[in-house]
Amino acid sequence: MEWSRISGVHSDLAAQSAAIDQALARIVDGSYGFCTRRGEPIGRERLGARPSAELCIDCARELEAHRRA
């Protein structure tokens with residue numbers, strides 16, 4: 001059971017690290033802060049809460065609703 005928990009934590013950290021690396025790459029190429037789906041600016045509140053966000057809140061909600069359906 002402990003091994004499973006540690007494996008899950010490791011997977012989560014790896015995913016977070018990859019998201020941060022992608023955000024840093026977007027900073028370098030000038031696309032940080034813009035939705036990768038619509039190209040519109042991502043709100044400051046969203047970026048403050050989730051600095052590695054790739055999607056605006058509307059796109060994130062649409063994709064989440066689609067996943068649940």
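**Salt bridges and the largest pocket**

Glu-64 has a relative accessible area of 32%, which makes this residue partly exposed. The model is a predicted one. Two salt bridges involving Glu-64 are described here, one with Arg-67 and one with Arg-68. In the pair with Arg-67, the N to O distance is 3.7 Å. Both residues belong to helix α3. They are three residues apart, about one turn of the helix. Arg-67 has a relative accessibility of 64%, and because exposed means over 50%, Arg-67 counts as exposed.

The pair with Arg-68 also lies in helix α3. Here the separation in sequence is four residues, again about one turn of the helix. The closest N and O atoms of Arg-68 and Glu-64 are 3.1 Å apart. Arg-68 is exposed, at 67% relative accessibility. Elsewhere, Arg-37, Arg-38 and Glu-62 form one network, joined by salt bridges that share partners.

Within that network, the side chains of Glu-62 and Arg-37 meet at 3.1 Å, N to O. Glu-62 is in helix α3, while Arg-37 is in the loop between α1 and α2 (44–49), so this salt bridge ties together parts that are 25 residues apart in sequence. Both partners are partly exposed. Glu-62 stands at 37% relative accessibility. Arg-37 stands at 44%. The count of salt bridges in the model comes to five.

Not every arginine has such a partner. Arg-46, in helix α2, is buried and has no salt bridge. Its nearest side chain of opposite charge is that of Glu-54, 8.9 Å away. A salt bridge requires a nitrogen and a carboxyl oxygen within 4 Å. With residues up to four places away in sequence left out, Arg-46 touches Ala-53, Leu-55, Cys-56, Ile-57 and Ala-60.

Arg-26 is another buried arginine. This residue is found in helix α1. Its relative accessibility is 7%, and because buried means under 20%, Arg-26 counts as buried. The contacts of Arg-26, again not counting residues up to four places away in sequence, are with Ser-31, Tyr-32, Thr-36, Ser-52, Ala-53 and Glu-54. Ala-53 is touched by Arg-26 and is also in contact with Arg-46.

Several of these residues reappear at the largest pocket. Rolling a probe the size of a water molecule over the atoms shows where empty space is left. The largest pocket holds about 350 Å³ of space. Its lining comprises 14 residues. Nearest the centre are Arg-46, Arg-50, Ser-52, Ala-53 and Glu-54. Two elements, α1 (2–29) and α3 (57–68), each give two or more residues to the lining. By residue class, the lining has seven nonpolar, two polar and five charged members. Arg-46 thus appears twice in this account: as a residue nearest the centre of the largest pocket, and as a buried arginine without a salt bridge. Glu-54 likewise lies nearest the pocket centre and is touched by Arg-26. Ser-52, also nearest the centre, is in contact with Arg-26 as well.

Methods:
Residues numbered from 1 in each chain as written. Predicted model: local features only at pLDDT ≥ 70, side-chain atom pairs only at ≥ 80, totals over all residues. Heavy atoms only, no water. 1 Å grid on protein atoms, 1.4 Å probe; cavity = no way out; pocket = protein on both sides within 12 Å on 5 of 7 lines; lining within 4 Å. Points joined across faces, edges and corners; volume = space filled by probe spheres on them. Nonpolar A, V, L, I, M, F, W, Y, C, P; charged D, E, K, R; others polar. Buried < 20%, exposed > 50% of the residue type's maximum accessible area, 1.4 Å probe, protein only. Lys, Arg positive; Asp, Glu negative; His and termini not counted. Contact = heavy atoms within 4.5 Å.
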